[in-house]
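Biologist: Please take me through the terms used for this structure, and show me how each label follows from its value.

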Amino acid sequence: MSRVHDDLADRIRARIRAEGPMTVADYMALCLSDPAGGYYVTRDPFGTAGDFITAPEVSQMFGELVGAVLAHGWQLAGRPQPFVLAEPGPGRGTLMADIVRVLRLVPGLLAAADLRFVEVSPVLRAAQARAVAPFGLEAHWHDSLAGLPDGPLLLVANEFFDALPVRQFVAADGVWRERVVGLGPEGELAFGIGAGVLGHDGLPAHLHPHDDGAVLETCAPATALMGEIARRIVAFGGMALIIDYGHVQSAVGDTFQALKAHRMVDPLATPGEADLTAHVDFGALARAAQAAGARVHGPVEQGTFLIRTGLLERAGQLGAGKTAAVQDELRAAVERLAGPEQMGRLFKVMAVTRAGIATPDLPGFSGAL
Ligand code: SAH
C-alpha cells in the first residue's frame, strides 16, 4: 500500500474520532474525490490491469453506436449551431473519441460543437486531452456541470452517476435511520446507525421501512444533476444519454459496493484504493427530468439498445475479411456489451429530450425494455 492512501484512511479515522461517525455519502465522496488520496484523483483505474473495464474500453462499437444516436439527436433538435457537446466523467476519453469519429461524418455537426468535459481527476483530464487531440478539437474542462456555458446541449454520461455519493437508511421499528461509518472496537472503520432519519410520508408504499434491516438509498446529487441537465435541454434544446448500471424503478436494497482488481471487496477496508459505486435509480432520474419539463425515453436495457442501433451489423462490418482471431474478439465484445449475463441487462440507457420529441423517432428507445 502506498503512503498516500494510508494517509486517507488515517485522516478518515481521525475525523471520526473528532467529529463522530460520518454518513455513507461523506465517506464515499472522500474515498473517491479527496484531492490528496481520492481514488479517481490518484490513478487511472481502467483496463485489465486496473480495477474495472467500462463499455467504451471493451470495444469501439459502443461509442460508435452512441455517437450515431447523438447525431440523430442533433438533427431532431434542429441542427443547432453552435451547441455544447458535454461529457461528465469521461474516464480515459475513449468514448468521446469513438463518438467524434462518427459525428464528423455528419456535415456541419463537428464544426458547431463546443466540447466540454466535467472531470475531477487531473490524471484523467490529461488522458482525455490526448484522446481527442487527433481530431483537432479544442476541449475545455469543468469541475462541475454548473460551469457549462448555456446553449443547446448534447450530453453523454457512461458510468458517471454510479460514482455520485449515496446516503443509506436502514429500517428499524418502522423508521428509516441513517447508516453511518464510525469506528469499531479495534479502531477499524465500521458501519453503524446514526441519529438522522428519513421521513417516509412522501414516499410510495413500497419504499416504506416495512422490514427491519432493509436498506434504502438516496442520491440527491444525481437527481439534482439530472434536473440541471433537463432544465438546460428544455431551455435550449438537445439530448442527454445516461448509461449506467441500475434499476428502472426505485426499490429497496443495498447496492453500495467496492471493486478492486476486478473483484468485489469490503468498501470500508481500503479507503481511496477501491472504486466505490452504488446502482443508479433510473426511476428517480426520470422523475427529476420530468419535473423539469423534459421528456424521458426508456430506460431500455443496454443489450436491447445496442442490438437495435446496429451492434451486430457493425461487428459484421468490422470483421469482414479479417482473421478468425479478430472475428473472435468482435464476438466476445458483442457478448460482453450485450449478453444478458454480462453488461446487457444490468446496464440501462435513458434519453432525455424536449417534450416535442417522440420516442419512436429516437433509434434504440422504441418498443419494450
Ligand atoms: N465514462 C468513462 C469513465 C467512467 S468512471 C467510461 O465509460 O469509461 C467515472 C468517471 O467519473 C471518471 O472519469 C471519474 O474521474 C469521474 N468522476 C467521478 N466522480 C466525479 C465527480 N464528482 N465529478 C466529476 N467527475 C467525476
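Modeller: I start with exposure: buried means under 20% relative accessible area, exposed means over 50%, and partly exposed is in between (1.4 Å probe, protein chains only). The model is predicted, so local features need pLDDT of at least 70 and side-chain atom pairs count only at pLDDT 80 or more, while totals for chains, interfaces and linings use all residues. Residues are numbered from 1 along each chain as its sequence is written, and side-chain values use heavy atoms, with hydrogens and water left out.

Biologist: Why is Ala261 called partly exposed?

Modeller: Its relative accessibility is 47%. That value is neither under 20% nor over 50%, so Ala261 counts as partly exposed.

Biologist: Where does Ala261 lie, and what is its phi?

Modeller: Ala261 lies in the loop between β11 and β12. Helices (H or I, at least four residues) and strands (E, at least two) are DSSP runs, numbered from the N terminus. The phi of Ala261 is near 50°, a positive value in a residue other than glycine. Most residues other than glycine have a negative phi, and most peptide bonds are trans.

Biologist: Which label does Arg79 get for its accessibility?

Modeller: Arg79 has 45% relative accessibility, which falls between the two limits, so Arg79 is partly exposed. Its place is in the loop between α4 and β2, and its phi is also positive, near 50°. In the loop between α4 (60-76) and β2 (83-88) we find Pro82 too, joined to Gln81 by a cis peptide bond with omega about -5°. Another cis bond joins Gly298 and Pro299, with omega about 0°; Pro299 is in strand β15 (residues 295-301).

Biologist: What makes β11 and β12 a pair?

Modeller: Two strands pair if DSSP finds at least two bridges between them. Strand β11 (residues 257-260) and β12 have three bridges, so they pass, and the sense is antiparallel. One partnership is Ala258 with Val265 in β12.

Biologist: How do you know which strands are at the edges of that sheet?

Modeller: The sheet is open, with three strands in the order β12-β11-β13 and antiparallel pairing. β12 (263-265) and β13 (275-277) each pair on one side only, and these are the edge strands. From one strand to the next the twist averages 40°.

Biologist: At what angle do α7 and α8 cross?

Modeller: Helix α7 (residues 220-236) and helix α8 (residues 282-291) cross at roughly 35°, and their axes come within 8 Å. Axes are lines fitted to C-alpha atoms, for helices over the stretch in contact, and angles run from 0 to 180 degrees between N-to-C directions. The crossing is right-handed: the near helix is turned clockwise from the far one by less than a right angle, where anticlockwise would be left-handed.

Biologist: Which residues meet there?

Modeller: Ala222, Thr223, Met226, Gly227 and Ala230 in α7 meet Ala284, Leu285, Ala288 and Ala289 in α8. Contact means heavy atoms within 4.5 Å. These residues divide into seven nonpolar, two polar and no charged. Ala, Val, Leu, Ile, Met, Phe, Trp, Tyr, Cys and Pro count as nonpolar, Asp, Glu, Lys and Arg as charged, and the others, Gly among them, as polar.

Biologist: How many aromatic pairs are there?

Modeller: The count is seven. Rings of Phe, Tyr and Trp (its six-membered ring) pair if their centres lie within 6.5 Å; planes under 30 degrees apart are stacked, over 60 edge-to-face and the rest tilted. Phe117 and Trp141 have centres 5.7 Å apart and planes at 40°, so they are a tilted pair. Phe117 lies in strand β3 (residues 113-118) and Trp141 in strand β4 (residues 139-142), so the pair ties together parts 24 residues apart in sequence. Phe117 is buried at 0%, whereas Trp141 is partly exposed at 25%.

Biologist: Why is the pair of Phe305 and Phe365 called tilted?

Modeller: The planes stand at 55°, with the centres 5.4 Å apart, so this pair is tilted as well. Phe305 is in helix α9 (residues 302-308) and Phe365 in the segment after β16 (347-353), 60 residues apart. Phe305 has 1% relative accessibility, so it is buried, and Phe365 is buried at 2%.

Biologist: Why is Arg116 called buried?

Modeller: Arg116 has 14% relative accessibility, which is under 20%, so it counts as buried. Its place is in strand β3, and its contacts include Glu87, His140 and His142.

How values were computed: Lists of a residue's contacts leave out its neighbours within four places in sequence.
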